[in-house]
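Me: Please take a close look at one part of this protein for me: its internal cavities and the residues that line them. Set the scene with the whole chain, then go through the cavities one by one.

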Amino acid sequence: MLSGPRLYLIGLLSVFLFCFGLAGCGGGGGGGGNIATMHTHFLVVSSDATAVPNRPSIGTFDMGDQGDTAPELSISGAQTGLDGGVSQGIAISNDEAFVANSQSATITVYPEEGNGDLMPVATIAGVNTGLAHPVGVAAANGKLYVSDAGANAILIFKTTDDGNVAPMTTIAGPSTTLAGPGGIAVDSNGNIFVANSGNASVLMFPASASGDTLPTSTIAGSATQLVKPVAVALDGHGNLLVSDDGGKPDAVLFFTATDNGNMSPNKTISGAATMLAAPNGIALDSTGRTVVVNTGNNSIVAFPANATGNQSPNEMIQGAATALSSPIGLAVAVVPGPP
């Protein structure tokens, strides 16, 4: 399979890790790794929540796939440690995929380009971890950020952790206002954004946050149109994207990352033409398009960078061959080589 330097854009757990300008990330010398010779993968966690028996999986698709397309790669099977029906968010770091398993209260780790019935290369699990019902994950700067809806907490581990290890940092307590936290994202300064599903808000904590601390900002109130925010993403240009599956209709809402209080979104994507149906994982692809996985209709949809209102997606992956079954987590990876 393809290997080499990567640019990762991660949803439900969304974080940008820009490799441009770093050694081996293209530019100069005329060697491989030039952005023109790269392509984009969508990695999707299917929770398989409505199937009997449950067979959760991680499917990898190419940007540009349309319709009833089989995944290029699929991690699935008894050895994977993926939850029976409630695996959730996914993040990628250093060619590894990290998955939150809500039912078993674990974080399992796989090769990013893994395929088949693989055993995890690492598993964070045990009483010392503080994990109760992990939902969202994000990875940045050697740290793994986990939002836990059972503990109403954000737990921060090292990406190299394995076994029954205590988190480096725990953010929890009444001052945090965390209530059923879902998707999580981290910006280039280490600020933490989390979809706070339990009280219809999006919270931001500073990189230094620890313990029972107040969020730096809270986006909440009737003007925000937030009903049940489930995932967040950052676009690297100061914009915060939120997928919300509690509204009528469901929506993707766009804010400024510095917003605070009862702020109206800068724009929304919603309406029958969008094909949004219980939208969950959200991310930006390499061209700036908004990519969303829909739990409600077992699909992946992508919208143009300038999309707004009741706009149809310009890419939709859906059908029996996709093996998408209650998909919920999304990560986007730019990898070397042609599709």
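Reply: Of the 339 residues in the protein, 54% are buried. This is a predicted model. The mean pLDDT is 88, and 89% of the residues reach 70 or more. One stretch needs care. Residues 1–35 stay under 50 in pLDDT. Where pLDDT is low, the predicted coordinates should not be read in detail. The model still has 115 contacts beyond four places in sequence for residues 1–35, so treat those with caution, as low pLDDT coordinates should not be read in detail.

Now the fold as a whole. The protein has 26 strands and zero helices. Take the contacts between residues at least 6 apart in sequence: 57% of them join residues at least 24 apart. On the outside, the protein exposes about 12,200 Å². Carbon and sulfur atoms supply 53% of that area.

Next, the inside. The structure holds two cavities of 30 Å³ or more.

Start with the largest cavity. It contains about 40 Å³ of space. Strand β3 (38–46) and strand β4 (57–62) each supply at least two residues of its lining. β4 gives the most, with three residues. The lining includes Val-44 and Ser-46. It also includes Ser-57, Gly-59 and Phe-61. Pro-71 and Ser-74 line this cavity too. So do Thr-322, Ala-323 and Leu-324, from much higher residue numbers. By class, the lining of the largest cavity has five nonpolar residues, five polar and no charged.

One lining residue leads on to another part of the chain. Gly-59 lines the largest cavity. Gly-114 is 55 residues from Gly-59 in sequence, yet the two C-alpha atoms are 9.8 Å apart in space. Where does Gly-114 sit? It is in the loop between β8 (106–111) and β9 (122–124). Gly-114 has a relative accessible area of 8%, so it counts as buried. Leaving out residues up to four places away in sequence, Gly-114 touches Leu-73 and Ile-75.

Now the second largest cavity. Its volume is about 30 Å³. β16 (201–205) and β17 (217–220) each supply at least two residues of the lining. The largest share, three residues, comes from β16. Val-202, Leu-203 and Met-204 are among the lining residues. Ser-217 and Ile-219 also line this cavity. Phe-193, Leu-240, Ala-257 and Asp-259 complete the list. How does this lining divide by class? It has seven nonpolar residues, one polar and one charged. Asp-259 is the charged one, because Asp counts as charged and none of the other lining residues does. Compare the largest cavity, where the lining has no charged residue.

One more buried position is worth a look. Ala-91 lies in strand β6 (residues 87–93). Its relative accessible area is 0%, so Ala-91 is buried. Val-332 is 241 residues from Ala-91 in sequence. In space, the two are 8.9 Å apart, C-alpha to C-alpha.

To recap the cavities: the largest has about 40 Å³ of space, and the second largest has about 30 Å³. β4 gives the most to the lining of the largest cavity, and β16 gives the largest share to the lining of the second largest.

Conventions. Residues are numbered from 1 along each chain as its sequence is written. This is a predicted model: local features need pLDDT of at least 70, side-chain atom pairs count only at pLDDT 80 or more; totals for chains, interfaces and linings use all residues. Side-chain values use heavy atoms; hydrogens and water are left out. pLDDT is the predictor's confidence in each residue, from 0 to 100. Contact means heavy atoms within 4.5 Å. On a 1 Å grid over the protein atoms alone, a cavity is a set of points where a 1.4 Å probe fits but cannot get out, and a pocket is an open set with protein on both sides within 12 Å along at least five of seven lines; lining residues have an atom within 4 Å of a point. Grid points are joined across faces, edges and corners, and a volume is the space filled by probe spheres set on the points. Helices (H or I, at least four residues) and strands (E, at least two) are DSSP runs, numbered from the N terminus. Buried means under 20% relative accessible area, exposed over 50%, partly exposed in between (1.4 Å probe, protein chains only). Accessible areas come from the Shrake-Rupley method with a 1.4 Å probe; for residues, only the protein chains shown count as cover.
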